[in-house]
Amino acid sequence: MTGQAKAGRPNQYLRNLNSKIASIPMILTAVVIFLGGSVWTVVYSFTNSKLLPRLSFVGLDQYHRLWAAPRWIMSIENLAVYGILSMIFSLVIGFVLAALMDQKIRFENTFRTIFLYPFALSFIVTGLVWQWLLNPEFGIQSVVRSFGWTNFTFDPLYTPSIVIYGVLIAALWQGTGLVMCLMLAGLRGIDEDIWKASRVDGIPMWRTYLFIIIPMMRPVFITTLVIIASGIVKVYDLVVAQTSGGPGISSEVPAKYVYDYMFQAQNLGQGFAASTMMLVTVAIIIIPWAYLEFGGGRKRG
């Protein structure tokens with residue numbers, strides 16, 4: 001009987017065969033282009049490639065030069081400040097907006113469209129818009145001074161010590177709407193009975209959110225963090241549109257460093273080394289997420 005049951009059961013490798021065949025081009029693309037390109041970049045980061053790639057290995061020289069370059073150090077510091085603040089403010093503002101939208105307010109669709117609209121713009125457009133808004137000659141500073149506050153100063157893009165915060169403002173304006181939508185989708189997935197039970201028990205709303213709702217939305221928060229983090233690591237367009245890395249090198253970021261060395265300074269080896277460090281950063285983000293989403297789930301199951 002057992003043998004007959006096994007014989008009648010389809011081989012697990014033959015299940016959904018058509019879908020597996022259809023996915024072959026995508027798998028080959030991922031392996032050849034993404035994985036192959038990553039390995040190629042790492043290998044050539046140990047070479048002395050200049051204008052064209054060449055297998056002239058120099059060991060860790062490119063990495064020593066990279067971490068000795070003030071411009072690279074500045075880009076890492078900027079990325080750390082930008083990344084930490086972007087994650088905190090995006091999550092907090094996005095969740096608060098989602099919680100307000102979840103109160104079944106009037107014109108919800110209108111507000112949702114307004115908040116999400118900036119995300120539809122390219123980073124170049126966003127950067128140019130905020131470059132104008134933060135320009136002291138005709139932006140926010142000029143408008144406020146026209147009302148009589150002549151001592152008001154707001155020119156972050158022209159002050160080296162705070163220029164990265166000007167870039168952060170533009171990034172939050174563009175990306176917070178997406179975070180709000182993700183959080184709102186998570187909140188709409190919460191069972192209404194949980195809210196009713198918390199009201200019956202007399203639990204304040206803020207405690208319900210903090211100790212019940214947010215822990216239940218853990219997968220949403222993890223996915224949102226990964227999306228935000230991946231955007232942080234590759235930030236480039238916004239900086240180029242707003243400041244081009246200036247004043248001086250005060251708003252440099254790793255992606256711009258890579259581009260400049262590979263396509264302007266014609267130093268592929270240095271660009272590959274910086275790219276590899278960015279790849280390591282992405283791996284540090286993705287691997288824990290994959291473990292929490294898939295590995296941890298299997299163990300619990």
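Select helices α5 and α14 to begin: residues 70-101 form α5, residues 254-264 form α14, and the two pack at an angle of about 150° with their axes 8 Å apart. Here axes are lines fitted to C-alpha atoms, for helices over the stretch in contact, and angles run from 0 to 180 degrees between N-to-C directions. The pair is therefore roughly antiparallel, given that angles over 145 degrees count as roughly antiparallel, under 35 as roughly parallel, 65 to 115 as roughly perpendicular and the rest as oblique. The helices themselves are DSSP runs (H or I, at least four residues, while strands are E, at least two), numbered from the N terminus.

Before moving on, note that this is a predicted model, in which local features need pLDDT of at least 70 and side-chain atom pairs count only at pLDDT 80 or more, while totals for chains, interfaces and linings use all residues. Residues are numbered from 1 along each chain as its sequence is written, and side-chain values use heavy atoms, with hydrogens and water left out.

**The face between α5 and α14**

Now show the side chains of R71, W72, S75, I76 and L79 in α5, which meet P254, K256, Y257, D260 and Y261 in α14; contact means heavy atoms within 4.5 Å. Sorted by class, this contact of α5 with α14 has 6 nonpolar, 1 polar and 3 charged residues. In that sorting Ala, Val, Leu, Ile, Met, Phe, Trp, Tyr, Cys and Pro count as nonpolar, Asp, Glu, Lys and Arg as charged, and the others, Gly among them, as polar.

**R71 and its partners**

Stay with R71 and add D260, with which R71 forms a salt bridge whose closest N and O atoms are 2.2 Å apart. A salt bridge is a side-chain nitrogen of Lys or Arg within 4 Å of a carboxyl oxygen of Asp or Glu. Because R71 lies in helix α5 and D260 in helix α14, the pair ties together parts that are 189 residues apart in sequence.

Next, add E252, which also forms a salt bridge with R71, the closest N and O atoms being 3.4 Å apart. E252 sits in the loop between α13 (237-242) and α14, so its pairing with R71 in α5 ties together parts that are 181 residues apart in sequence.

Colouring by accessibility shows R71 as partly exposed, with a relative accessible area of 21%, whereas E252 is buried at 3% and D260 is buried at 8%. Buried means under 20% relative accessible area, exposed over 50%, and partly exposed in between (1.4 Å probe, protein chains only).

**A pair within α6**

Go to helix α6 (residues 108-116), where R112 and E108 are 4 residues apart and thus separated by about one helical turn. R112 forms a salt bridge with E108, with the closest N and O atoms 3.2 Å apart. R112 counts as partly exposed at 26% relative accessibility, and E108 counts as buried at 13%. Returning to the earlier site, salt bridges that share partners join R71, E252, K256 and D260 into one network. The count for the model comes to 8 salt bridges.

**α4 against α5**

Select α4 (61-68) together with α5, whose axes come within 5 Å and cross at roughly 70°. That makes α4 roughly perpendicular to α5. L66, W67 and A68 in α4 meet P70, W72, I73 and I76 in α5, and by class this contact has 7 nonpolar, no polar and no charged residues.

Just before α4, pick N48, which is found in the loop between α3 (24-44) and α4. N48 counts as buried at 19% relative accessibility, and, not counting residues up to four places away in sequence, N48 touches R54, S56, V58, Q62 and R65.

**I232 in α12**

Move to I232 in helix α12 (residues 218-233), which counts as buried at 6% relative accessibility. Leaving aside neighbours within four places in sequence, I232 is in contact with L79, Y82, G83, S86 and M87. For a distance to draw, take I232 and Q270, which are 38 residues apart in sequence and 21 Å apart in space, C-alpha to C-alpha.

**The whole protein**

Finally, zoom out to the protein, which has 15 helices and 0 strands. Its radius of gyration is 25 Å, well over the 19 Å that the globule rule gives for 301 residues, so the protein is more spread out than a compact globule. This radius is taken over C-alpha atoms, and the globule rule is 2.2 Å times the number of residues to the power 0.38. The C-alpha atoms fill a box of roughly 85 × 65 × 30 Å, taken along the principal axes. Of the 301 residues, 35% count as buried.
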